[in-house]
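Open the model in your viewer and keep the selection panel at hand. Each stop below says what to pick and what to look for.

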Amino acid sequence: MIQVKSLHKKFGKNVVLAGLELHIDQGGIFAILGPNGSGKTTLIKTLLGMVLPNKGTLSVMDSPVKNKWKYRQDINYLPQIANFPGNLRVKELIAMIKDIRQKPSNEQKLIDLFGLEPFLDKKLSNLSGGTKQKVNLVLTFMFDSPLIILDEPTNGLDPLALIRLKELIFKEKAKGKTFLITSHIMQFVEEVSDQIVYLLEGKIYFKGSISELKTKTGQSNFEHAIAAISTYNSHDQDIEI
Amino acid sequence: MIKILKYSFYDLVRSRWSYVYFLFYLLLGFVLLFLNNELSKAVITLMNVIIVLVPLIGTIFGVMYYYNSKEFTELLLAQPIKRSSIFLGQYFGVAGSLTGSLILGLGIPFALYGLFQSNAIWDFSLLLITGAFLTLIFTALAFNIALSNENKIKGFGYAVLVWLFWAVIYDGLFLMSLIVFEEYPLDTFSLIVTMFNPIDLSRTLILLKLDISALLGYTGAIFKQFFGTDLGLFMSIFMLFLWTAIPVWRLGYVAKRKDF
């Protein structure tokens, strides 16, 4: 599904990705975790072609990413900050994205799911942050694509919407779709994800299931296991020396 | 690209500022016609306003629109659309709606006044054409500046500087050089220097079309010899076209290589 080979990216002098290798098969939910500034968003953006790598190759569904744009037809992406042109109404924005994608969509179901019906005729500039995030979710999930990338999907959502979102993710996963999710809410990650991809210093530091992570770090609590993982290996190296 | 253009255009057409801009020209047109009572004089006054105001509004609107729609641009970048289409679409959306405000705002009062029966129609059309070019040029420059500067304050600063340079500083430097080199023949020099500034070029073009070049003395005669001919007009329009095409090309070039 996704192949990343020796990916390098730096912004000025700041090295963000340093020879990252990643292979992701189809199906399942992959949580991309890591400390702030470890390159999670950069990795996602290189997959989408928004950030151009300095070195290395990427391919999504066997199609190389470089200078291409049609492959994005198979990706649904939820960006981190939901900020839309203020003068458009919610209905118009949805119609516009549909017009751009030219794919069958099921936005009505999602609008009902997140209770957005009363907001359809409102201008986007008048919506609250949480409502904007719901609109963002509708735009992301309304198309049927094999790869779904969510950058901080829980931002600003109320508990009910969060439950609906989880149900939605599980429903789509059951159809054999692949998810890449970043989040700082560990409880959410633990509930939904099958595999953890842990980034540190521009490389994949750990890739495996939550139970593997727990046994590796010797922690029974997932949050503590994540906190322990970055210190775990340096400890390991100490022993080797 | 057409789709992005369409939506940017709709978005702008419904924003308050487009109306303010449109109403300003509408008011200006009516007031000038009633005060001057003569079309060609109104055209000259309008020219003085347009030549300074259109580039300023184009620059400010361009920078503002780019920075305001940044997150939305990122959303579009993740959609299956070519990068250059996104930026060119937004650019033409902004430039198009500004040009629309200008042409409609001035066109309505002049049409009501009886422009179509008058001889001033060509002067007036030239005024609108140069106004449209100036909008396209300065919006493109603004987009270039915004694209190259992540920092909004810096971007705004540079944009205003660019406007100030072409509208004011350039003329100052030009005049100074004329004084410094007054002992040399400067006709060709001033012709060329005028050609390189879109604002000066537009002004000269309109002034000469209005047949008041006699007021400009000897230099005016030289200018008339060049700009008054078909070749001069063609060259001027060509230069304005280049002024539009180069920034637009750079816009696509830079957008293709930028990280978002």
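The tour takes each chain in turn and ends where they touch.

**Stop 1: chain A as a whole**

Keep in mind that this is a predicted model. Select chain A and colour it by secondary structure. You should find 8 helices and 10 strands. The radius of gyration is 19 Å, and the globule rule gives 18 Å for 241 residues, so chain A is as compact as a globular protein of that length. Along the principal axes, the C-alpha atoms of chain A fill a box of roughly 65 × 40 × 35 Å. Of the 241 residues in chain A, 39% are buried. Now think about contacts in chain A with a separation of 6 or more: 67% of them join residues 24 or more positions apart.

**Stop 2: the open sheet**

Stay in chain A and show its strands. In which order do the 6 strands of the open sheet run? The order is E6-E7-E8-E3-E9-E10, and the pairing is mixed. Go to the edges next. Strand E6 (75–78) and strand E10 (203–208) of chain A each have a single partner strand, so one side of each has no neighbour in the sheet. On average, neighbouring strands are turned by 15 degrees against each other, direction ignored.

Zoom in on one pair. Select residues 28–33 of chain A, strand E3, together with residues 178–182, strand E8. These two strands pair in the parallel sense, over 4 bridges. Pick A:Ile29 and look across to E8(A): its bridge partner there is A:Phe179.

**Stop 3: A:Lys173**

Select A:Lys173, which lies in helix H5 (residues 159–174) of chain A. Is A:Lys173 buried or partly exposed? A:Lys173 has 17 other C-beta atoms within 10 Å, and so counts as partly exposed. A residue needs 20 or more to be buried.

Show what A:Lys173 touches. Leaving aside neighbours within four places in sequence, A:Lys173 is in contact with A:Ile29 and A:Phe179. You have met both: they are the bridge partners from the sheet. For a distance check, pick A:Pro64. A:Pro64 and A:Lys173 are 109 residues apart in sequence and 24 Å apart in space, C-alpha to C-alpha.

**Stop 4: chain B as a whole**

Switch to chain B. Its secondary structure comes to 11 helices and 0 strands. The radius of gyration of chain B is 19 Å, close to the 18 Å of the globule rule for 260 residues, so chain B is as compact as a globular protein of that length. The box filled by the C-alpha atoms of chain B is roughly 60 × 45 × 30 Å, along the principal axes. Buried residues are 40% of the 260 in chain B. Among chain B contacts with a separation of 6 or more, 79% are between residues 24 or more positions apart.

**Stop 5: where the chains meet**

Show both chains. Here 19 residues of chain B are in contact with 20 residues of chain A. On the chain B side, helix H1 (2–13) and helix H4 (70–77) are the elements that give two or more residues. Which element gives the largest share of that side? H4(B) does, with 5 residues. By type, the chain B side divides into 8 nonpolar, 3 polar and 8 charged residues.

Finish on H4(B). Select B:Phe72, B:Leu75, B:Leu76 and B:Leu77, which are buried. The buried residues of H4(B) pack against H1 and helix H5 (83–113) of chain B.

Methods: Residues are numbered from 1 along each chain as its sequence is written. Chains are lettered from A and ligands numbered from 1 in the order in which they are written. This is a predicted model: local features need pLDDT of at least 70, side-chain atom pairs count only at pLDDT 80 or more; totals for chains, interfaces and linings use all residues. Two residues are in contact if their C-beta atoms, placed from the backbone, lie within 7 Å. Ala, Val, Leu, Ile, Met, Phe, Trp, Tyr, Cys and Pro count as nonpolar, Asp, Glu, Lys and Arg as charged, and the others, Gly among them, as polar. The radius of gyration is taken over C-alpha atoms; the globule rule is 2.2 Å times the number of residues to the power 0.38. A residue is buried if 20 or more other C-beta atoms lie within 10 Å of its own, exposed if 12 or fewer, and partly exposed in between; C-beta atoms are placed from the backbone. Two strands pair if DSSP finds at least two bridges between them. Axes are lines fitted to C-alpha atoms, for helices over the stretch in contact, and angles run from 0 to 180 degrees between N-to-C directions.
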